[in-house]
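Got the viewer open? Keep the selection box handy and we'll go from stop to stop.

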Amino acid sequence: MLRTTGAVREFTEAPVDPAVLHRILDHARFAPSGGNQQGWRVTIVRDPATRRRLGELSAATFQRYLAESYAGYRAFNPITPAPADVDVPDDLPTNPMLDHLVDVPEVLVVSVDLRVLAVLDRDLDRYSVVGGGSVYPFCHNILLAARNEGLGGVLTTFLVASEAEVAPLLGLPEGHGLVAMICLGSPVHQPTKLKRNPVESFATIDRFDGDPFTVPEP
Ligand SMILES: Cc1cc2nc3c(=O)[nH]c(=O)nc-3n(C[C@H](O)[C@H](O)[C@H](O)COP(=O)(O)O)c2cc1C
């Protein structure tokens, strides 16, 4: 399961049984979070007009993401950001899933109560990453639990860039932040071979630049 839960962005028309969706969330809630604060909230968006707007907002950021990538930047990177006036060509490809968000079987918007986060890198003089750790494991649990039910999905973050517009649309209260929009359904194609780097490429002994971790020969 861990090796085959890939991103699924194309779904059949089959609806997701509400009991199955409930079971997915019921499994996902066992995710870890800092101080076990479980600050996640899930808004299951079914209203077509709301979905259309979420799709439009996400699609606009998708275009920007592509434009930055095509211009040779690592899109939305905080360390080496693309210039604000990066060229956005008119003929960029669109994103079929976002263009047809109305047809996605289930759309879950995950948010988090920022007031319960323990962000241990809050005061460091670098980009903060710890806060997300209290909610993205929950998001990934949703995808794993969906896979366990024969469903597929994808975690998207394009929408987060439009939090100011999304907050009133979904009634997101003050002090809550957008985390992800997760699309779920029956996959048209279930990925089984994911491309990931080998253990030796990221695990080392004693120091960051130490020997790669390998299993000793018997
Ligand atoms: C934090 C995070 C943000 C992501 N944002 C998006 C997104 O906005 N749109 C999208 O289509 N996929 C998004 N993804 C999915 C990644 O593109 C996907 O996990 C990655 O390409 C690996 O794909 P694979 O599992 O099919 O190999 C995101 C994944 C993560 C973990």
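Is Cys183 buried or exposed? This is a predicted model, and in it Cys183 counts as buried, at 0% relative accessibility.

**Stop one: the cysteines.** Keep Cys183 selected and add Cys139. Cys139 is buried too, with a relative accessible area of 0%. Now put a distance label between the two sulfurs: the closest cysteine sulfur to that of Cys183 sits in Cys139, 12 Å off. Turn it around and you get the matching answer, since the closest cysteine sulfur to Cys139 is the one in Cys183. A disulfide is a covalent bond between the sulfur atoms of two cysteines. The cut-off for calling one is a sulfur pair within 2.5 Å, so at 12 Å these sulfurs are too far apart for a bond. If you'd rather hunt through the whole structure, the search comes back with zero disulfides.

**Stop two: strand E4.** Select residues 176-185, which make up strand E4. How many of the ten residues of E4 are buried? Ten of the ten are, so the strand is largely enclosed by the rest of the structure.

Next, bring up the strands that pair with E4. Select residues 106-113 for strand E2, which pairs with E4 in the antiparallel sense over eight bridges. For a landmark, click Asp113: standing opposite this residue in E4 is His176. Then select residues 152-156 for strand E3, which also runs antiparallel to E4, with five bridges joining them. Here, click Gly153 and look across to Leu184, its bridge partner in E4. While you're looking at strands, remember that in a regular strand the side chains alternate between the two faces of the sheet.

**Stop three: the ligand.** Select the ligand and show what surrounds it. You should see Gly6, Ala7 and Arg9, then the run Val154, Leu155, Thr156, Thr157 and Phe158, and finally Arg196. Sorted by class, that shell has four nonpolar, three polar and two charged residues.

Now turn on backbone atoms and pick out the polar contacts:

- Ala7: a polar backbone atom lies 3.0 Å from an oxygen atom of the ligand.
- Leu155: here the ligand supplies a nitrogen atom, 2.9 Å from a polar backbone atom.
- Phe158: a polar backbone atom is 3.2 Å from a ligand oxygen atom.

To finish, switch on the ligand's surface. On its own, the ligand has 630 Å² of accessible area, and the protein covers 59% of that.

Terms used
Residues are numbered from 1 along each chain as its sequence is written. This is a predicted model: local features need pLDDT of at least 70, side-chain atom pairs count only at pLDDT 80 or more; totals for chains, interfaces and linings use all residues. Side-chain values use heavy atoms; hydrogens and water are left out. A residue is near a molecule or strand if one of its heavy atoms lies within 4 Å of it. A polar contact is a pair of N or O atoms within 3.5 Å; within protein, one must be able to donate a hydrogen and the other to accept it, and residues adjacent in sequence count only if both atoms are side-chain atoms. Accessible areas come from the Shrake-Rupley method with a 1.4 Å probe; for residues, only the protein chains shown count as cover. Ala, Val, Leu, Ile, Met, Phe, Trp, Tyr, Cys and Pro count as nonpolar, Asp, Glu, Lys and Arg as charged, and the others, Gly among them, as polar. Buried means under 20% relative accessible area, exposed over 50%, partly exposed in between (1.4 Å probe, protein chains only). Helices (H or I, at least four residues) and strands (E, at least two) are DSSP runs, numbered from the N terminus. Two strands pair if DSSP finds at least two bridges between them.
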